[in-house]
Amino acid sequence: MLLLTVPDEFSFSQTLAYLSVSSAECMYQMKDKKLYKLLKIDDIDLLIEISNPTQNVLQISFINQPKIMNEKIELKVTKYIQDWFDLDRDLVPFYQMAAHDPILSKIAKQFYGLRNIGMPSLFEALCWAIIGQQINLSFAYTLKRRFVETFGKSITWQDQKYWLFPTSGQIASLSIDDLTALKMTKKKAEYLIGVASLIESTELSKSALLDLMVQKGEKEAEKQLVKIRGIGPWTANYVMMRCLRASSAFPIDDVGLQNAMKFALGLDQKPTKDEIKTWSINWANWESYATFYLWRTLY
DNA sequence: CTCCAGGTCCATT
DNA sequence: AATGGACATGGA
């Protein structure tokens, strides 16, 4: 068992509410206000249970391997949770900005304590973004589930299956037909295998992208990502938001963002790109949080 | 039946 | 540089 102190501006109930929206999600389970997820740490399959026993504390229990814990594993699990829930970020400036923003003021209060729930694995984030390109979300979840259940690995604990996302090595070795069999487009199949191969060859890595962001800024990381076939501006910014934690990542082409702004502003039609740029001027350096909160209003 | 989904690539102007 | 079609499927 492991206890993790969390900031005041964090709400576990908001986190659970967000995570339960995607009912078709296959990478975690929820029961009795506890969250369950299978992690692979140092080649060990660890099923963790996350609960919120008291204010400002998360409790992490190791369910399937209670005896294997050691400090090294504990530290890695802690890092994972901090990354997943974006716990290291100071949200005070975001809420200060949002309080004066015509679009964000209401939803910042409504979802107070919600953090940008991430995808610590670069490969998983890229796959999820590519799978979700141009199709409705429910179909995207269907495709993701097929992808995971066909090529991923699982353990069973008390009659419930817990999945690990397929590795880049597994996907890099597939043929196009293996993936089109799941009913995704041929191009998506090519993109997924291509990205998997780049990660396998270490030409593409999360650490290198994070370094690039520190050294040369977030725009440079976006440029690198967009060079890759299958990654356009939307996918690059989506992955920078959910995985690289780039505060100014802004998937401005996103139809969900457009719809959320349409509803928030009571418009008759979706705002244009230029209108979105104008409305988002105040969000500078918090675009990713603004987007995340706006998406949250859609369901 | 038609239109649109958490877009991107590619061919054509 | 800008524009339009193709793409797989499913829900409204």
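**Note on the protein surface near DNA strand B**

1. Of the 21 residues around DNA strand B, those that come nearest are Leu137, Gly230, Thr235, Tyr238 and Trp295. Sugar and phosphate make up 60% of the strand's atoms that come within 4 Å of the protein. The reader should bear in mind that this is a predicted model.

2. Two side chains approach the bases of DNA strand B. An N or O atom in the side chain of Gln134 is 3.0 Å from a base nitrogen of the strand. For Tyr238, an N or O atom of the side chain is 3.2 Å from a base nitrogen. Tyr238 is also among the residues that come nearest to DNA strand B.

3. The backbone of the strand is approached as well. A phosphate oxygen of DNA strand B lies 3.2 Å from a polar side-chain atom of Arg229.

4. Which elements give two or more residues to the surface near DNA strand B? They are helix H9 (186-200) and helix H12 (233-244). Of the elements, H12 gives the most, with four residues.

5. In composition, the surface near DNA strand B divides into 10 nonpolar, seven polar and four charged residues.

6. A separate point concerns Thr78, which is found in helix H2 (residues 71-84). Is Thr78 buried or exposed? Thr78 has a relative accessible area of 16%, and it therefore counts as buried, the cut-off being under 20%. Leaving aside residues up to four places away in sequence, Thr78 touches Leu2 and Leu4.

Key:
Residues numbered from 1 in each chain as written. Chains lettered and ligands numbered in written order. Predicted model: local features only at pLDDT ≥ 70, side-chain atom pairs only at ≥ 80, totals over all residues. Heavy atoms only, no water. Near = heavy atom within 4 Å. Polar contact = N/O pair within 3.5 Å; in protein donor to acceptor, adjacent residues only side chain to side chain. Nonpolar A, V, L, I, M, F, W, Y, C, P; charged D, E, K, R; others polar. Buried < 20%, exposed > 50% of the residue type's maximum accessible area, 1.4 Å probe, protein only. Contact = heavy atoms within 4.5 Å.
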